[in-house]
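Let's take a walk through this model, one region at a time. Keep the viewer open and follow along as the residues come up.

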Amino acid sequence: MIYSELNASKLSMTGIAIALLIISLWTISLVFLLMAEQVEQTSIIWKAMAIIVQAFLYTGLFITAHDAMHGTIFSKHPHINYWIGSLALLLYGFFSYDRLLKKHLQHHHNPASESDPDFHDGKHKNLVAWYIYFIRQYWSWWRFISLVITYNSMHIFLHITSANLILFWIIPAILSSMQLFYFGTFIPHREPIGGYQNSSRTISIYRSFLWSFIACYHFGYHQEHHLQPDIPWWKLPSIISSR
């Protein structure tokens, strides 16, 4: 009993530390990139690397919010999970935590079905069509207007160039949505030949620890996540290694 409580406390502190680290790295990186001067004159390689890193940190924001939805950042204090998840989604793109929480629980209760908000409608099954259909499910005029206002405010009042905003704020966010969709929805939940083989209607894609992390914060362990949603993303590989 005492060991379990100590272990839970250790996991919670680690979860908070990792969540705050991701949020901090994203913030520091974004500020640095937005304030960078003469970006147009820098090498394409440098700009590409900066975009990739920022996109990866964007994905980390969403993964952090995702863990908050499952109460795995600080299990003993739901309000801390809520606050961190809300902050992560606000930074990610002005998403409503409550709305996404409702949709994500729907996904877990009815994976790869007509009641799953992340699943295709039976017509848009290929990668591109499904991605567009997926994005439409989370479209919001309120979010769009908020993003436009934020873009123009940073451009006009903070004198951040359009090039910096497009390269390091807009493009990384779009790439992150593609990464999350591909590794978190399309690959694990598309119907395999012969049909689904388990109740979670998903599969796992196993890679080395490093590539699993780089691909999408171990989201390849998708069946394991559906079976044990109370396991934080950074602990998913340990499920396999402990078998």
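Start at His 107, which sits in helix α4; helices here are DSSP runs of H or I with at least four residues, strands are E runs of at least two, and both are numbered from the N terminus. Before going further, a word on the ground rules: this is a predicted model, where local features need pLDDT of at least 70 and side-chain atom pairs count only at pLDDT 80 or more, while totals for chains, interfaces and linings use all residues. Residues are numbered from 1 along each chain as its sequence is written, and side-chain values use heavy atoms, with hydrogens and water left out.

Back to the histidine. His 107 counts as buried because its relative accessibility is 3%; buried means under 20% relative accessible area, exposed means over 50%, and partly exposed is in between, using a 1.4 Å probe and protein chains only. Setting aside residues up to four places away in sequence, His 107 touches Asp 116, Pro 117, Asp 118, His 189, His 222 and His 226, where contact means heavy atoms within 4.5 Å. His 108 is also found in helix α4, and at 16% relative accessibility His 108 counts as buried too. Beyond its neighbours within four places in sequence, His 108 is in contact with His 66, His 70, His 225, His 226 and Pro 229. So which histidine turns up in the contacts of both? That would be His 226.

Now for the nonpolar interior. The largest nonpolar core has 54 residues, and Leu 34, Tyr 58, Leu 89, Leu 165, Phe 168 and Trp 169 have the most contacts inside it. A core of this kind is a set of buried Ala, Val, Leu, Ile, Met, Phe, Trp, Tyr and Cys residues joined through side-chain atoms within 4.5 Å. Elements giving two or more residues to this core include α1 (2–35), α2 (44–69), α3 (78–93) and α7 (162–189).

Zoom in on Tyr 58: leaving out residues up to four places away in sequence, Tyr 58 touches Trp 26, Leu 91, Tyr 92, Phe 168, Trp 169, Pro 172, Ala 173 and Ser 176. Its partner Trp 26 belongs to helix α1 and is buried, at 5% relative accessibility. Trp 26 in turn is in contact with Gln 54, Leu 57, Tyr 58, Leu 61 and Leu 91, again without its neighbours within four places.

Next, helix α5. Its buried residues include Trp 130, Tyr 131 and Phe 134, and the buried residues of α5 pack against α7. At the N-terminal end of α5, Asn 126 acts as a cap, with a side-chain oxygen 3.2 Å from the backbone nitrogen of Val 128.

For something on the outside, look at helix α6, where Ile 145 is found. Ile 145 counts as partly exposed because its relative accessibility is 46%.

Finally, check the backbone angles. Most residues other than glycine have a negative phi. His 159, though not a glycine, has a positive phi of about 60°; His 159 is in the loop between α6 and α7, and is exposed with a relative accessible area of 66%. Tyr 217 has a positive phi near 55° and lies in the loop between α8 and α9 (222–227). Is Tyr 217 buried or exposed? Tyr 217 is buried, with a relative accessible area of 2%.

Definitions and conventions: A polar contact is a pair of N or O atoms within 3.5 Å; within protein, one must be able to donate a hydrogen and the other to accept it, and residues adjacent in sequence count only if both atoms are side-chain atoms.
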